[in-house]
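Thanks for coming. I will take one structure and go through it piece by piece, starting with charged side chains and ending with the strands.

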Amino acid sequence: MKPYRLAARDGKDTIIEIVGRNGAGTCLIGEGFCTIIAGPCAVESEEGILSAARLVKTLGAHILRGGAFKPRTSPYSFPGLGLEGLNYLALARKETGLPIITEVLDVRDIDRVLEVADIVQVGSRNMHNYPLLRDLSRQKVPVLLKRGYAATVEEWLLAAEYLMAGGNGQVILCERGIRTFENLTRNTVDIGVVPLLKELSHLPVIVDPSHALGKWQLVRPVAKAAIAAGADGLMIEVHPHPEAALSDGDQSLTGDNFRRLMDEIKALAHLEGKRM
Ligand code: PEP
Ligand code: MN
């Protein structure tokens, strides 16, 4: 028996229904679907997240991303707007009808993040934060669990198991690149993990090529590779003005670049028999 008993494949595929609150739409993540999460790295201002939300909504994204609590490598970098950022995300959902995904960094913030988030994100740096996973396992909210940047697939599935063992079966796995000796890309994207996870687990698998590559020019080709490899969706950083972004501007797509990605992904999803 696999050490990750609940996450292990048992014949069926798990399809997670995202029920957007406050009038936001409902969407599905899992086998047979191609679900697109898009938006800026961070919520930077009310107008900033509203304009990004309108942009990605117009171009066909299903879910809006935006960090209010940012896990920055340097303590001097923009840490996010915190609670104020959560309020702006709620406004963006109200206006566009897009469900919201945002990251929780700290167990002490869970209640407040859950007041707004339709999906809660556990970031790469927190994949091994077992107290956080345990607390989220007791919540009734879908969790997008990013792969730790140095985590093996088994460690990742065991992190998913923490969520499931506590009673939260709504887990989405997100590959976001791992650290290797290569440094011309921000991380090394592990495309092979997509079909591997599909064999090992019934959980939905999505890919974040933005954090995996770190360069906007590389995002669209790798997004296509992810869908071709069987991913159930993508997380893409999009910013109306990447040159002015407070974080991750180098990897953020403009509206025009995101439009092109969406056109190509739609064609590919159709070929793969995925609904988008
Ligand atoms: C993010 O998606 O905002 C993020 C910080 O990504 P990661 O945890 O993959 O670095
Ligand atoms: Mn980012």
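A salt bridge here is a side-chain nitrogen of Lys or Arg within 4 Å of a carboxyl oxygen of Asp or Glu. Please keep in mind that this is a predicted model. With that cut-off, the structure holds 21 salt bridges. Side chains of opposite charge can pair when their charged atoms come close.

Let me start with one pair. D118 forms a salt bridge with R93, and their closest N and O atoms are 2.8 Å apart. This pair links distant parts of the chain: D118 sits in the loop between α3 (110–114) and β6, R93 sits in helix α2, and they are 25 residues apart. Are these two residues buried or exposed? Buried means under 20% relative accessible area. D118 has 4% relative accessibility, so D118 counts as buried. R93 is at 1%, so R93 counts as buried too.

Now a second pair. R108 forms a salt bridge with D106, with the closest N and O atoms 2.6 Å apart. The relative accessible area of R108 is 68%, and therefore R108 is exposed.

The third pair is E264 and R260. Their closest N and O atoms are 3.5 Å apart, and they form a salt bridge. Why are they separated by about one helical turn? Because they are four residues apart in helix α9 (residues 255–271). E264 is partly exposed, with a relative accessible area of 21%. R260 also counts as partly exposed, at 45% relative accessibility.

Salt bridges can also join up into a network. In this model, E31, K198, D232 and K274 are linked in that way.

Next, a charged residue without a salt bridge. E44 has its place in the loop between β3 (35–39) and α1 (46–58). E44 is buried, yet it has no salt bridge. How far away is the nearest side chain of opposite charge? That side chain is R72, and it is 8.1 Å away. What E44 does have is a polar contact of 3.1 Å between its side chain and that of H239. A polar atom of the E44 side chain also lies 2.7 Å from the backbone nitrogen of L246. If we leave aside neighbours within four places in sequence, E44 is in contact with F78, L81, H239, A245, L246 and S247.

Let us move on to the strands, beginning with β5, residues 100–103. Which residues of β5 point to which side? I100 and T102 are on one side, I101 and E103 are on the other, and all of them are buried, so to speak of the faces, both are covered. Strand β4 (residues 63–65) runs parallel to β5, and two bridges join them. The bridge partner of R65 in β5 is I101. From β4 the chain crosses through helix α2 (residues 83–96) to β5, and this β-α-β crossover is right-handed. Helix α2 is where we placed R93 a moment ago.

From β5 we can step to β6. Three bridges join β5 to β6, and these strands run parallel. E103 has Q121 as its bridge partner in β6.

Strand β6 covers residues 119–122, and three bridges join it to β7, again in parallel. Q121 turns up here as well: its bridge partner in β7 is L144. β6, helix α4 (residues 130–137) and β7 make a right-handed β-α-β unit.

In β7, residues 143–146, V143 and L145 point one way, L144 and K146 point the other way, and all are buried. Four bridges join β7 to β8 (residues 171–175), which run parallel. V143 has V171 as its bridge partner in β8. β7, helix α5 (residues 153–165) and β8 make another right-handed β-α-β unit.

One last residue, L133, lies in helix α4. L133 has 0% relative accessibility, so it counts as buried. What is L133 in contact with, leaving aside its neighbours within four places in sequence? The list is V122, M127, L145, A159, Y162 and L163. L145 is one of the residues we met in β7. Finally, L133 and W156 are 23 residues apart along the chain, and their C-alpha atoms are separated by 12 Å.

Note on methods
Residues numbered from 1 in each chain as written. Chains lettered and ligands numbered in written order. Predicted model: local features only at pLDDT ≥ 70, side-chain atom pairs only at ≥ 80, totals over all residues. Heavy atoms only, no water. Buried < 20%, exposed > 50% of the residue type's maximum accessible area, 1.4 Å probe, protein only. Pairing = 2+ DSSP bridges. Right-handed = clockwise from strand over helix to strand, strands pointing away. Lys, Arg positive; Asp, Glu negative; His and termini not counted. Polar contact = N/O pair within 3.5 Å; in protein donor to acceptor, adjacent residues only side chain to side chain. Contact = heavy atoms within 4.5 Å.
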